[in-house]
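Please walk through the structure shown here, beginning with a single aromatic side chain and moving outward to the chain as a whole.

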Amino acid sequence: IDANTKDRANYILATSYMETGDEAKGESYFKKLSTSTNIKYASEAQYTLALLQYSKGDLTSSEKTIRQMTKNDVDDYYLAKAFILWSDIFVQKGNDFQAKQTLKSIIDNFEGDENLLKEAQDKLDKLENKQKIEKEQNEEKLQNQENTVDEVIIEDNK
């Protein structure tokens, strides 16, 4: 069997197992595809592996898989999807700044699927809204602390 036919068969098996809920078998076929010379198959496989690792809570492995993707020839669509996933990892790790920068780089530089651009923009908007709410809460908390300190000082003078 030539490599293209083998890749196609592995792809069909991988996606079929995933659709029927057998992630372990699907993952094993995606691992085979991740080293394919066909950039489309390899890119989708690497992205899917990163997504599976993320969904299992293994942020370190997911991030490692994404970093590996960036070192190879990769399909732009799956690279953009991987960067959106990477922004989710940054948020999970508490690095909102890096998450925002990652999303902005997709929005500014990706020239592909509008749905991915919308997803990146939606996540960026949500992150900025979250930061705005946190800032307002911190300012309110600080104001309350200042008012408490003023009350204590006034009471000590009596």
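## From one tryptophan outward

In this predicted model, W86 is a buried residue, its relative accessible area being 10%. Because buried means a relative accessible area under 20%, W86 falls within that class at its 10%. W86 takes part in an aromatic pair with F90, and this pair is stacked, with 5.6 Å from centre to centre and 20 degrees between the planes. As for where the two residues sit, W86 and F90 are four residues apart in helix α5, so about one helical turn separates them. F90 also counts as buried, with a relative accessibility of 10%.

The neighbouring topic is the second partner of this tryptophan. F83 and W86 both belong to helix α5, which covers residues 76-92, and they lie three residues apart, about one turn of the helix. How accessible is F83? F83 has a relative accessibility of 21% and therefore counts as partly exposed, since the partly exposed class lies between the buried limit of 20% and the exposed limit of 50%.

Under the ring-centre criterion, the count of aromatic pairs comes to six. One of them joins F83 and W86, an edge-to-face pair with 5.4 Å from centre to centre and 80 degrees between the planes. Elsewhere, ring pairs link Y47, Y77 and Y78 into a cluster.

Turning to the fold as a whole, the protein chain contains seven helices and zero strands, and reading along the sequence gives the pattern α-α-α-α-α-α-α. What radius of gyration does the protein chain have, set against that of a compact globule of 158 residues? The protein chain has 23 Å, whereas a compact globule of that many residues would have a value near 15 Å. Along its principal axes, the C-alpha trace of the protein chain spans about 95 × 35 × 25 Å.

Burial and contacts can be described for the chain in a similar way. Of the 158 residues of the protein chain, 35% count as buried, W86 being buried and F90 likewise. Among contacts between residues at least 6 apart in sequence, 46% join residues that are at least 24 apart.

The surface and the charges complete the description. The accessible surface of the protein chain comes to about 10300 Å², and carbon and sulfur atoms account for 47% of it. The protein chain carries 22 positive and 31 negative charges, and the mean positions of these two sets are 6 Å apart.

Methods. Residues are numbered from 1 along each chain as its sequence is written. This is a predicted model: local features need pLDDT of at least 70, side-chain atom pairs count only at pLDDT 80 or more; totals for chains, interfaces and linings use all residues. Side-chain values use heavy atoms; hydrogens and water are left out. The radius of gyration is taken over C-alpha atoms; the globule rule is 2.2 Å times the number of residues to the power 0.38. Buried means under 20% relative accessible area, exposed over 50%, partly exposed in between (1.4 Å probe, protein chains only). Contact means heavy atoms within 4.5 Å. Accessible areas come from the Shrake-Rupley method with a 1.4 Å probe; for residues, only the protein chains shown count as cover. Lys and Arg count as positive and Asp and Glu as negative; His and the chain ends are not counted. The place of a charge is taken as NZ of Lys, CZ of Arg, CG of Asp or CD of Glu. Rings of Phe, Tyr and Trp (its six-membered ring) pair if their centres lie within 6.5 Å; planes under 30 degrees apart count as stacked, over 60 as edge-to-face and the rest as tilted.
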